[in-house]
Structure formats: structure tokens, C-alpha cells
Amino acid sequence: TPLPTPTPPVVTGEVPQYGGIYRRTDYDTLHPDPYHVLQGGALHMLTNFVNRLIEHKKPHTFGMDVELVPALATEWSVDETETKWTFKLREGVTWHDGEVFDASDVVATIERALDPALLVGRYPIQLRSIVDSMEVVDDYTIVIDTGEPNATAIPWLSNWAMAIVP
């Protein structure tokens, strides 16, 4: 005999509230900062709860078929010298505390990875060989200078570990 078709539950009570704090013990015991990821236990947090300038349409796809899509950067381009990457940033984004996202957050995030005194994970440390300097054009435009043509600039800036933080 076939099984009876289940009846969908009737939802009653409170409406779910969004926001708040997500806790994950394996990450919280290490450090609540994506740039201190030194092992794989925090990958879930990095890939699901933070944003990058550019993201992969097909996450976890290896090879040449990865399509890059806008995230915190709505568009990007490189100049004729292939050293200056201009990123137009998404307006209207706020952090969990209500502060507005802008170019200063991108600069502060990348400066942390560039700081030789800061212990960062093996992925963010790659920025030290990519970023030569940065210039804030306005609140929603930033130019990242690689100093010389660097084919790894966009792949690393779109890497899952390149989380932009406040």
C-alpha cells in the first residue's frame, strides 16, 4: 500500500526574527575574525556569512569555467597598464551593527592583510605579493595598484578567504 501524502504543517506562533549572532564553537574558540583562519573549521563561516568584492557564481568549482559575479563590488576594470584595478562598490550595504559599508572598509581590510606584524591565514597573506598600494577615489570607488601586471589579482580578490570586514 502506498504511504499517505503528508499534510504540510500549519505554522503558528511567532514570526522568525532575522539578525543576531551566529555562534559556531569550533570557530569561536579560535578567533572571531576571518583573517585569523589558520585551519579548515571556519570555512563554513567564511563561505556563507561574509562577503567579498567579487564572488564565484559556481562556488567550489575548480578550473577555467569559474564565472565571476559582482558582490560588494558592482563592477571592476583594469587600466591600460594592467596594474590599476578600479572597483565600484555597492551602495546601500550596512554591517551587522548598522554602520554603512564603504571604501574605507575595503582599505582597512586589505591593510590588515598587508600588515607584516599581523598573523593572518595562508590565503589572505597572498595579498602581500599582489597589492602594492590603494587609493580611495570616493566613498564607493577604490583603486588597487598591483605595481606590475599581475594575473592573480582578481582570482585572489575573489577567493573565498578574501572576506571584507568592517
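Of the 25 residues in the largest nonpolar core, those that touch the most other members are Leu 53, Phe 87, Leu 89 and Val 106. Two or more residues of this core come from each of S4, H3, S6 and helix H4 (153–157). The greatest contribution is that of H3, which supplies five residues. The model described here is a predicted one, and the paragraphs below proceed from the chain as a whole to the sheet, and then back to the core.

The chain contains four helices and six strands. Followed along the sequence, these elements give the pattern α-α-β-β-β-β-α-β-β-α. Of the 166 residues in the chain, 33% are buried. The accessible surface amounts to about 10,800 Å², and carbon and sulfur atoms account for 55% of that surface. Contacts across the sequence may also be considered: among those between residues at least 6 apart, 52% join residues at least 24 apart.

The sheet may be taken next. Four strands make up an open sheet in the order S3-S4-S6-S5, and their pairing is antiparallel. Strand S3 (73–78) and strand S5 (133–138) occupy the edges; each has a single partner strand, so one side of each lacks a neighbour in the sheet. From one strand to the next, the twist averages 20°.

At one edge, S3 pairs with S4 in the antiparallel sense over five bridges. Within this pairing, Val 78 has Trp 85 of S4 as its bridge partner. The two strands form a hairpin with five residues between them, and in the turn Glu 82 has a positive phi of about 60°.

In the middle of the strand order, strand S4 (residues 84–89) is joined to strand S6 (residues 141–145) by five bridges, and the two run antiparallel. Two of the residue pairings can be located directly in the structure: Trp 85 has Ile 144 of S6 as its bridge partner, and Lys 88 has Thr 141 of S6. Trp 85 is thus the bridge partner of Val 78 on one side and of Ile 144 on the other.

At the other edge, five bridges connect S5 to S6, again with the strands antiparallel. Here Val 136 stands opposite Ile 142 in S6. S5 and S6 also form a hairpin, with two residues between the strands.

The two faces of S4 can be told apart by their cover. Trp 85, Phe 87 and Leu 89 form the covered face, whereas Lys 84, Thr 86 and Lys 88 form the uncovered one. Strand S6 presents another arrangement. Thr 141, Val 143 and Asp 145 point one way from S6, Ile 142 and Ile 144 point the other way, and all are buried. Because five of the five residues of S6 are buried, this strand is largely enclosed by the rest of the structure.

Helix H3 (residues 103–114) lies across S4, S5 and S6, and runs at about 175° to S5. This is the helix that gives the most residues to the largest nonpolar core.

Phe 87 links several of these elements. The residue belongs to the covered face of S4 and is one of the core residues that touch the most other members. Apart from its neighbours within four places in sequence, Phe 87 is in contact with Leu 53, Ile 54, Ala 73, Glu 75, Trp 76, Tyr 140, Thr 141, Ile 142, Ile 144, Ile 154 and Leu 157. Among these contacts, Leu 53 is likewise one of the core residues that touch the most other members, while Thr 141, Ile 142 and Ile 144 are buried residues of S6.

A final feature concerns aromatic rings, for which the count comes to one pair. Trp 95 and Phe 101 form this pair in an edge-to-face arrangement, with 5.9 Å from centre to centre and 75° between the planes. Trp 95 is buried, with a relative accessible area of 16%. Phe 101 is also buried, and its relative accessible area is 0%. Both values qualify because buried denotes under 20% relative accessible area.

Key
Residues numbered from 1 in each chain as written. Predicted model: local features only at pLDDT ≥ 70, side-chain atom pairs only at ≥ 80, totals over all residues. Heavy atoms only, no water. Pairing = 2+ DSSP bridges. Axes fitted to C-alpha atoms, helices over the stretch in contact; angles between N-to-C directions. Contact = heavy atoms within 4.5 Å. Phe/Tyr/Trp six-rings, centres within 6.5 Å; stacked < 30°, edge-to-face > 60°. Buried < 20%, exposed > 50% of the residue type's maximum accessible area, 1.4 Å probe, protein only. Areas by Shrake-Rupley, 256 points an atom, 1.4 Å probe, with all protein chains shown as cover. Core = buried A, V, L, I, M, F, W, Y, C linked by side-chain atoms within 4.5 Å.
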